[in-house]
Amino acid sequence: MKIIMNLPVAPNVFFNQLQQSALADIRQHTGREPLPKSLRGFSYAKNWPNGRTARLTITEFEPNSVYAYELATPRDDFKVRYQLTPLENGKSRLVYEESLVAKSARGAANNRASGFLLGWFRKRRFKKMARQMCAT
């Protein structure tokens with residue numbers, strides 16, 4: 001899934017929200033507080049209340065420009081990438097990309113079906129979240 005949005009804020013404003021969210025998640029799951037400049041390559045175990053676990057690895061981290069991570073679960077590999085480009089008048093363009101690769105044929109079929117059925121709702125929810133991040 002790929003979403004391109006023009007945001008009413010400069011790249012550093014939106015990127016700061018992403019960075020703070022990543023640092024809060026790391027703090028919650030590890031108790032550690034890494035420096036932002038050391039986030040590229042940072043990896044940690046992520047646990048959900050329902051008992052599921054995953055390994056999250058930050059693959060790209062360029063301040064005010066790119067933030068990307070991979071989330072590996074026993075069933076799927078999930079990749080997310082945010083890229084920000086400055087526009088005139090303190091605005092920016094966000095390109096959000098995500099991909100989901102199943103580790104089994106059955107999982108791939110489930111992902112295709114749910115992606116088709118829920119894709120519109122996921123895009124709508126993401127755009128709403130991005131607008132809220134700009135307003136904060």
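Buried means under 20% relative accessible area, exposed over 50%, and partly exposed in between, computed with a 1.4 Å probe on protein chains only. The model is predicted: local features need pLDDT of at least 70, side-chain atom pairs count only at pLDDT 80 or more, and totals for chains, interfaces and linings use all residues. Residues are numbered from 1 along each chain as its sequence is written, and side-chain values use heavy atoms, with hydrogens and water left out.

**Exercise 1. Overall layout**

Determine how many helices and strands the protein has, and in which order the elements run.

Solution.
Step 1. Helices (H or I, at least four residues) and strands (E, at least two) are taken as DSSP runs, numbered from the N terminus.
Step 2. Under this rule the protein has two helices and six strands.
Step 3. From the N terminus on, the order is β-α-β-β-β-β-β-α.
Step 4. Of the 136 residues, 32% count as buried.
Step 5. A contact is defined by heavy atoms within 4.5 Å. Among contacts between residues at least 6 apart in sequence, 43% join residues at least 24 apart.

**Exercise 2. Helix α1 and the nonpolar core**

State which element gives the largest share of the largest nonpolar core, and describe that element.

Solution.
Step 1. A nonpolar core is a set of buried Ala, Val, Leu, Ile, Met, Phe, Trp, Tyr and Cys residues joined through side-chain atoms within 4.5 Å.
Step 2. The largest such core has 29 residues, and those with the most contacts inside it are Leu7, Phe14, Ile58, Tyr67, Tyr82 and Phe126.
Step 3. Two or more residues each come from β1 (2-7), α1 (11-30), β3 (53-62), β4 (66-72), β5 (76-86), β6 (92-102) and α2 (105-135). The largest share, six residues, belongs to α1.
Step 4. The 20 residues of α1 reach 28 Å from first C-alpha to last, close to the expected 28 Å; the expected span is 1.5 Å times one less than the number of residues.
Step 5. Pro11, Phe14, Phe15, Leu18, Gln19, Ala22, Leu23, Asp25 and Ile26 are the buried residues of α1. An α-helix has 3.6 residues a turn, so residues three or four places apart point the same way.
Step 6. Just after α1, Gly31 takes a positive phi of about 80°.
Step 7. Ile26 also appears among the contacts of Ile58, which, leaving aside neighbours within four places in sequence, include Leu39, Phe42 and Tyr67.

**Exercise 3. Strand pairing and turns**

Establish in which sense β3 pairs with β2 and with β4, and where positive phi values occur in the turns.

Solution.
Step 1. Two strands pair if DSSP finds at least two bridges between them.
Step 2. β2 (residues 43-47) and β3 pair in the antiparallel sense over five bridges; in this pairing Ala54 of β3 is the bridge partner of Lys46.
Step 3. The β2 and β3 hairpin has five residues between the strands, and Gly51 takes a positive phi near 95°.
Step 4. β3 and β4 pair in the antiparallel sense over seven bridges, with Glu62 opposite Val66 of β4.
Step 5. The β3 and β4 hairpin has three residues between the strands, and Asn64 in the turn has a positive phi of about 65°.
Step 6. Most residues other than glycine have a negative phi. Asn64 has a positive value as a residue other than glycine, and is partly exposed at 36% relative accessibility.
Step 7. Asn89, in the loop between β5 and β6, has a positive phi near 60° and is exposed at 71% relative accessibility.

**Exercise 4. Salt bridges**

Count the salt bridges, and examine the one formed by Lys46.

Solution.
Step 1. A salt bridge is a side-chain nitrogen of Lys or Arg within 4 Å of a carboxyl oxygen of Asp or Glu.
Step 2. The count comes to four.
Step 3. Lys46 pairs with Asp25, the closest N and O atoms being 2.7 Å apart. Lys46 lies in strand β2 and Asp25 in helix α1, so the pair ties together parts 21 residues apart in sequence.
Step 4. Both Lys46 and Asp25 are buried, Lys46 at 13% relative accessibility.
Step 5. Glu33 and Arg27 form a salt bridge at 3.3 Å, N to O; Glu33 is exposed at 59% and Arg27 is partly exposed at 36%.
Step 6. Lys79 and Glu70 form a salt bridge at 3.9 Å, N to O; Lys79 is partly exposed at 43%, and Glu70 is partly exposed at 36%.
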